[in-house]
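Biologist: I'm new to this structure and would like a close look at a single part, the small open sheet. Could you walk me through that, and then show me how it sits among the rest?

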Amino acid sequence: MNHTVVLGSAPMTPADVVAVARAGAEVQLAEQTDRALSEARKHIDALAGAAEPTYGVSTGFGALAVRHIPEDRRTQLQRSLIRSHAAGAGPVVETEVVRALMLLRLRTLASGHTGVRPVTARTLAALLNANITPVVHEHGSLGCSGDLAPLAAVALALMGEGEVFDAEGSRVPAGDALRAAGIEPVVLAEKEGLALTNGTDGMLGMLVLAAADLHRLFDVADLTAAMSVEALLGTDRAFAADLQALRPHPGQARSAERMRAALAGSEIVASHRGPDCPRVQDAYSLRCAPQVHGAGRDTLEHAGLVAERELAAAVDNPVVLDDGRVESNGNFHGAPVAYALDFLAIPVADLAGIAERRTDRMLDVARSHGLPAFLAADPGVDSGHMIAQYTQAAIVSDLKRLAVPASVDSIPSSAMQEDHVSMGWSAARKLRRAVDGLTTVLAIEYLTAARALDFRAPLRPAPATAAARDLLRATVPGPGPDRHLAPEIAAAEELVRSGALLDAVTQHVEER
């Protein structure tokens, strides 16, 4: 991977986050970053030596902020903060999430507003570049005062403590991994413990990664919906540009355009355009696909705006301002990110729901306009895709539960000092599950619609939908006696997840 992310030289982009989190892109600190960090550190050092206590520099933390800590105990203070806050539990968080979290915390450190020493920022960059990933557990963040337990697990690894996954993926003691990579553990100085843990980096990283996935999945949804419209002898007239313009939502216009392009040149659609076709209009799951998909696209655009603002933010408490003041603030509260994460879970569930309805319609002999029952080769002997739709239905039901917002909840903590929290980390974790569920639901619609198109022979599908079906046929055979269906669903999932499906039809659905 040639992509190198240079921190401090330009605003970070979502593509930078994805490149580091998923593709192992290298991270560098810009030349001016060391100078900015050193200048900010001078203000912290001055406050550390002052008689008057400063929160996070010479005091305890949270509800214990009233205690002034003598200078000879402040190294222990930082060490104790990280050890006590690394209190996560539950399953281990995915490597891509931890790498995103590390990168985004490093981005804030590099801003010069946290007061950390250059060596601390350089060491965090070294961990990323050595592909050393701290073991972070799923539970431990309330999305306020930072993603505390997850970020503390990263800081613990910087200190050479705790566990990590090394470059080979083995779970090893952090000290051993750092030693093997030639990285010196950091002895944290005043303020650095807070700077390493007081950020919304985990939830922001998961928002950026989910958005990258959803941009692809919304395109896939337009394609699989077009395949279903075609397979069900639906019309493309409802997707006409002049009709869509009457309700000028940009996402709706984009989805309708992609569906029109996917259906262009279809013999199947053309076969029932004439006056002898008795059908007046299609069911909502077909006719309203651009409206539903488009609303999801517009929600995703809003979430992208939130992510863009957060990627330009310096989230810490207290912060070092340009004039040298060190001020407490509430910028660590995760509400802006938490809301966006919760918003996205709603269209994810709805897109999956409308896709499941289209799938079910293709399987029902009373509504499929001539397709065999359950698309079975020999209905009665064979069950076809009957239970594949059950799988969709189970996932859609789960997605509806995952669409219940986490951000409306709050459990006070730290002796009521932190009396309103965002639960943004929880919103992010459930959105990741929802994205996986939508992937499977769309894969099953793809699998089913491709089979239905085969049953429409000798009429030929549109070039775009034919390309999608033919790609699947390279690994999944066409209609025939019942086969083990789970591997076929998995094969369709991989084509959706990898981007291969969209690549196969790109030339046919390019926007005009």
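**The three-stranded sheet and its surroundings**

Modeller: Let's go straight to your sheet, bearing in mind that this is a predicted model. The sheet is an open one of three strands, arranged in the order S4-S6-S7, and the pairing is antiparallel. Strand S4 (133-134) and strand S7 (171-173) are the edge strands, each pairing on one side only. Look at S4 and strand S6 (residues 163-165) together: they are joined in the antiparallel sense by two bridges. If you want a spot to zoom in on, find Thr133, which stands opposite Phe165 in S6. There's a helix to look at here too: helix H7 (residues 174-181) lies across S6 and S7, and runs at about 90° to S7.

For a contrast in pairing, go back towards the start of the chain. Strand S1 (residues 4-7) and strand S2 (residues 26-29) pair in the parallel sense, over four bridges. Leu7 has Leu29 in S2 as its bridge partner. The side chains of S1 alternate along the strand: Val5 and Leu7 point to one face and are buried, while Thr4 and Val6 point to the other face and are not.

Now for a pair of helices. Helix H2 (residues 31-48) and helix H5 (residues 118-129) have axes that come within 9 Å and cross at roughly 135°. That angle makes H2 oblique to H5. On the H2 side, Asp34, Leu37 and Ser38 take part, and they meet Pro118, Ala121 and Arg122 in H5. Sorted by character, the residues of this contact are three nonpolar, one polar and two charged.

Loops are worth a visit as well. Ala314 lies in the loop between helix H14 (289-311) and strand S8 (319-320). With a relative accessible area of 23%, Ala314 is partly exposed. Setting aside neighbours within four places in sequence, Ala314 is in contact with Thr108, Ser111, His113 and Val319. Take Ser111 from that list: 203 residues separate Ser111 and Ala314 along the chain, yet their C-alpha atoms are 6.7 Å apart.

Another loop, between helix H16 (386-402) and helix H17 (424-455), holds Ser413. Not counting residues up to four places away in sequence, Ser413 touches Leu142, Glu418 and Val421. The C-alpha atoms of Ser413 and Cys144 are 10.0 Å apart, with these positions 269 residues apart along the chain.

One more stop, this time inside a helix. Glu257 sits in helix H11 (residues 250-263). Is Glu257 buried or exposed? Glu257 counts as buried, because its relative accessibility is 13% and the cut-off for buried is under 20%. The side chain of Glu257 also makes a polar contact of 2.4 Å with the side chain of Arg260.

Finally, let's zoom out to see where your sheet belongs. The protein has 20 helices and nine strands. Along the principal axes, its C-alpha trace spans about 90 × 50 × 45 Å. Of the 512 residues, 54% count as buried. As for contacts with a separation of 6 or more, 78% of them are between residues 24 or more positions apart.

Conventions
Residues are numbered from 1 along each chain as its sequence is written. This is a predicted model: local features need pLDDT of at least 70, side-chain atom pairs count only at pLDDT 80 or more; totals for chains, interfaces and linings use all residues. Side-chain values use heavy atoms; hydrogens and water are left out. Axes are lines fitted to C-alpha atoms, for helices over the stretch in contact, and angles run from 0 to 180 degrees between N-to-C directions. Angles under 35 degrees count as roughly parallel, over 145 as roughly antiparallel, 65 to 115 as roughly perpendicular and the rest as oblique. Contact means heavy atoms within 4.5 Å. Ala, Val, Leu, Ile, Met, Phe, Trp, Tyr, Cys and Pro count as nonpolar, Asp, Glu, Lys and Arg as charged, and the others, Gly among them, as polar. Two strands pair if DSSP finds at least two bridges between them. Buried means under 20% relative accessible area, exposed over 50%, partly exposed in between (1.4 Å probe, protein chains only). A polar contact is a pair of N or O atoms within 3.5 Å; within protein, one must be able to donate a hydrogen and the other to accept it, and residues adjacent in sequence count only if both atoms are side-chain atoms.
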